[in-house]
Amino acid sequence: MARVGLSTERLVRAGAELADEVGFEQVTVSELARRFGVKVASLYSHVKNSQDLKTRIALFALEELADLSADAVAGRAGKDALTAFANVYRDYAHAHPGRAAAARLRLDPETAAASAGVRHAQMMRAILRGYDLPEPDQTDAVRLLGSTFHGYASLEGAGGFSHSSPDSEESWTRILDALDSLLRNWPAR
């Protein structure tokens, strides 16, 4: 077979594109080898196995998402920062459903600590500082926001909101308004 200039970076990018096309769970080293027209063995000098490939795609997606989020929230505070951050997650899930799924892959603690997931948490906490939430309330709020953003985008992507009024965009705006209100009026412990 012809040499195709393989590199780990090229394989990870191709794996991310494949995830967006066929779903993250369907990504394998074998499928990627087919896409490149090479034998599976030629990929093993770049990735160990399908799980290693998926982990690398997850790290790529987290990095991509962190960069987009950082750009979106720069210079913003309060509700503007919250809305910008939330919209990045939702837009990313629409544009890159496989990568969005990859970003939720459970990573081992050491890999997670070295990933861009840490940047996501730092940005979320920076936004929450504008709402003056102390710990452990801040951790609860991070979990609430992450669950809301990911959950809404997942349900919306699966067509869960396409069958009723109001449209999902209107609901999304109302949900962000409600989250802002909740964060400004966080219940005391």
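Phe 149 and Trp 172 are both buried in this predicted model. Their ring centres lie 6.2 Å apart and their planes meet at 65°, so the pair is edge-to-face. This pair links distant parts of the chain, since Phe 149 belongs to helix α8 and Trp 172 to helix α9, 23 residues apart. A pair of aromatic rings is described by the distance of the centres and the angle of the planes. The angle exceeds the cut-off for edge-to-face geometry, which is over 60 degrees.

Phe 149 takes part in a further aromatic pair, and the structure holds six such pairs. The rings of Phe 85 and Phe 149 have centres 6.3 Å apart and planes at 55°, so this pair is tilted. Phe 85 is located in helix α4 and Phe 149 in helix α8, so the contact between the rings ties together parts of the chain 64 residues apart in sequence. Phe 85 is buried, as is Phe 149. Ring pairs join Phe 85, Tyr 89, Phe 149, Tyr 152, Phe 161 and Trp 172 into a cluster.

The helix that carries Phe 149 merits a closer description. Helix α8 covers residues 137-157, 21 residues in total, and reaches 30 Å from its first C-alpha to its last, close to the 30 Å expected at 1.5 Å a residue. Its buried residues include Ala 141, Val 142, Leu 145, Thr 148, Phe 149, Tyr 152, Ala 153 and Glu 156. An α-helix has 3.6 residues a turn, so residues three or four places apart point the same way. Where do the buried residues of α8 pack? They lie against α4 (78-95), α7 (117-129) and α9 (168-184).

The segments on either side of α8 contain several backbone features. Most residues other than glycine have a negative phi, and most peptide bonds are trans. Asp 132, in the loop between α7 and α8, has a phi near 55°, a positive value in a residue other than glycine. The side chain and backbone of this residue are not covered to the extent seen in the buried set: Asp 132 is exposed, with a relative accessible area of 67%. The loop between α7 and α8 also holds Pro 136, and the peptide bond from Glu 135 to Pro 136 is cis, with omega near 0°. Beyond the other end of the helix, α8 is followed by Gly 159, whose phi is positive, near 85°. A second cis peptide bond runs from Ser 165 to Pro 166, with omega near -5°. Pro 166 is placed in the loop between α8 and α9.

Another part of the chain may be approached through Val 29, which is situated in helix α2 (residues 29-36). Val 29 and Trp 172 are separated by 143 residues in sequence and by 37 Å in space, C-alpha to C-alpha. Is Val 29 buried or exposed? Val 29 is buried, because its relative accessible area is 2% and the cut-off for burial is under 20%. Apart from neighbours within four places in sequence, Val 29 is in contact with Val 40, Leu 43, Tyr 44, Val 47, Asn 49, Ser 50 and Leu 53.

Helix α3 (residues 50-73) contains Lys 54. With a relative accessible area of 12%, Lys 54 is buried. When residues up to four places away in sequence are set aside, Lys 54 touches Phe 24, Glu 25, Val 27 and Leu 105.

These local descriptions can be placed within the chain as a whole. The secondary structure comprises nine helices and zero strands. The C-alpha trace spans about 65 × 40 × 30 Å along its principal axes. Of the 189 residues, 40% count as buried. Among contacts with a separation of 6 or more, 69% involve residues 24 or more positions apart. The pair of Phe 85 and Phe 149, at 64 residues apart in sequence, spans such a separation.

The chain exposes about 10300 Å², of which carbon and sulfur atoms supply 51%. The chain has 22 positive and 25 negative charges, and the mean positions of the two sets are 6 Å apart.

Notes. Residues numbered from 1 in each chain as written. Predicted model: local features only at pLDDT ≥ 70, side-chain atom pairs only at ≥ 80, totals over all residues. Heavy atoms only, no water. Helix = DSSP H or I, 4+ residues; strand = E, 2+ residues; numbered from the N terminus. Expected span 1.5 Å × (residues − 1). Buried < 20%, exposed > 50% of the residue type's maximum accessible area, 1.4 Å probe, protein only. Contact = heavy atoms within 4.5 Å. Areas by Shrake-Rupley, 256 points an atom, 1.4 Å probe, with all protein chains shown as cover. Lys, Arg positive; Asp, Glu negative; His and termini not counted. Charge placed at Lys NZ, Arg CZ, Asp CG, Glu CD. Phe/Tyr/Trp six-rings, centres within 6.5 Å; stacked < 30°, edge-to-face > 60°.
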